[in-house]
Amino acid sequence: MLFIEYPKCTTCQKAKKWLDDNGIIYEDRHIKEQNPTYEELRLWYFESGLPLKRFFNTSGLLYKSMGLKDKLPSMSDEEQLQLLATDGMLVKRPLIISDDVILTGFREKEWKEKLI
């Protein structure tokens, strides 16, 4: 299982503690140092069945400064995936990636249902 996080993010810290407290083994990856690639994002998007918007960090400063709330609706999925691959700070975190589960953001109830 891959846990993609931004270590300074308090939500990521809570999620990591939750994983540790529940004895879930994972590989840790710093989203800023190792931004998900276009190929990874494309695969995760299609495998997850989630709306593409769930992969965007909509509360992030970069998202807001780029005016993406207004721009995304007119962009194709391809353009949005290319954009996500440019900067890890655009990507919703934490991300959990495993063979059968892809989760964006930390919602304890959902993580409990899918991971335990």
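In this predicted model, D100 counts as exposed because its relative accessibility is 68%, a value over the 50% that marks an exposed residue. D100 is placed in the loop that runs between β3 and β4 (102-104). Although D100 and K114 are 14 residues apart along the chain, their C-alpha atoms are separated by 9.2 Å.

The overall architecture provides the setting for these local features. The protein chain contains six helices and four strands, which follow one another along the sequence in the pattern β-α-β-α-α-α-α-β-β-α. With a radius of gyration of 14 Å, close to the 13 Å given by the globule rule for 116 residues, the protein chain is as compact as a globular protein of that length. The C-alpha trace spans about 40 × 30 × 25 Å along its principal axes. Of the 116 residues in the protein chain, 45% are buried, and the accessible surface comes to about 6700 Å², with 50% of it belonging to carbon and sulfur atoms. Where contacts join residues at least 6 apart in sequence, 65% of them link residues at least 24 apart.

The interior includes a largest nonpolar core of 26 residues, in which W44, F55, F56 and L84 touch the most other members. At least two residues of this core come from each of β1 (2-5), α2 (38-48), α5 and β3, and α2 gives the most, with four residues. When neighbours within four places in sequence are left aside, the contacts of W44 are with L2, I4, P36, F55, L95, I97 and I102. Another core, of 12 residues, lies apart from the largest one and has F3, A15, L19 and V101 among its members.

Helix α6 (residues 108-115) has a buried side and an exposed side. E110, W111 and L115 are the buried residues of α6, and because they fall within an arc of 105° when seen down the helix axis, they line one face of the helix. In general, residues three or four places apart in an α-helix point the same way, because such a helix has 3.6 residues a turn. The buried residues of α6 pack against β1, α1 (10-21), β3 and β4, whereas the exposed residues K109 and E113 are carried on the face turned away from the buried side. E110 counts as buried because its relative accessibility is 18%, which is under the 20% cut-off. Apart from its neighbours within four places in sequence, E110 is in contact with R54 and L103.

The structure holds zero disulfides. A disulfide is, in general, a covalent bond between the sulfur atoms of two cysteines. The sulfur of C9 has its closest cysteine sulfur in C12, at 3.3 Å, which is too far for a bond, since a disulfide requires the sulfur atoms to be within 2.5 Å. Both cysteines are nevertheless buried, C9 with a relative accessible area of 14% and C12 with a relative accessibility of 0%.

A further local feature concerns the backbone at P94, which is found in the loop between α5 (77-84) and β3 (95-97). The peptide bond leading from R93 to P94 is cis, with omega near -5°.

Key: Residues are numbered from 1 along each chain as its sequence is written. This is a predicted model: local features need pLDDT of at least 70, side-chain atom pairs count only at pLDDT 80 or more; totals for chains, interfaces and linings use all residues. Side-chain values use heavy atoms; hydrogens and water are left out. Buried means under 20% relative accessible area, exposed over 50%, partly exposed in between (1.4 Å probe, protein chains only). Contact means heavy atoms within 4.5 Å. A nonpolar core is a set of buried Ala, Val, Leu, Ile, Met, Phe, Trp, Tyr and Cys residues joined through side-chain atoms within 4.5 Å. The arc is that of the directions from the helix axis to the C-beta atoms. The radius of gyration is taken over C-alpha atoms; the globule rule is 2.2 Å times the number of residues to the power 0.38. Accessible areas come from the Shrake-Rupley method with a 1.4 Å probe; for residues, only the protein chains shown count as cover.
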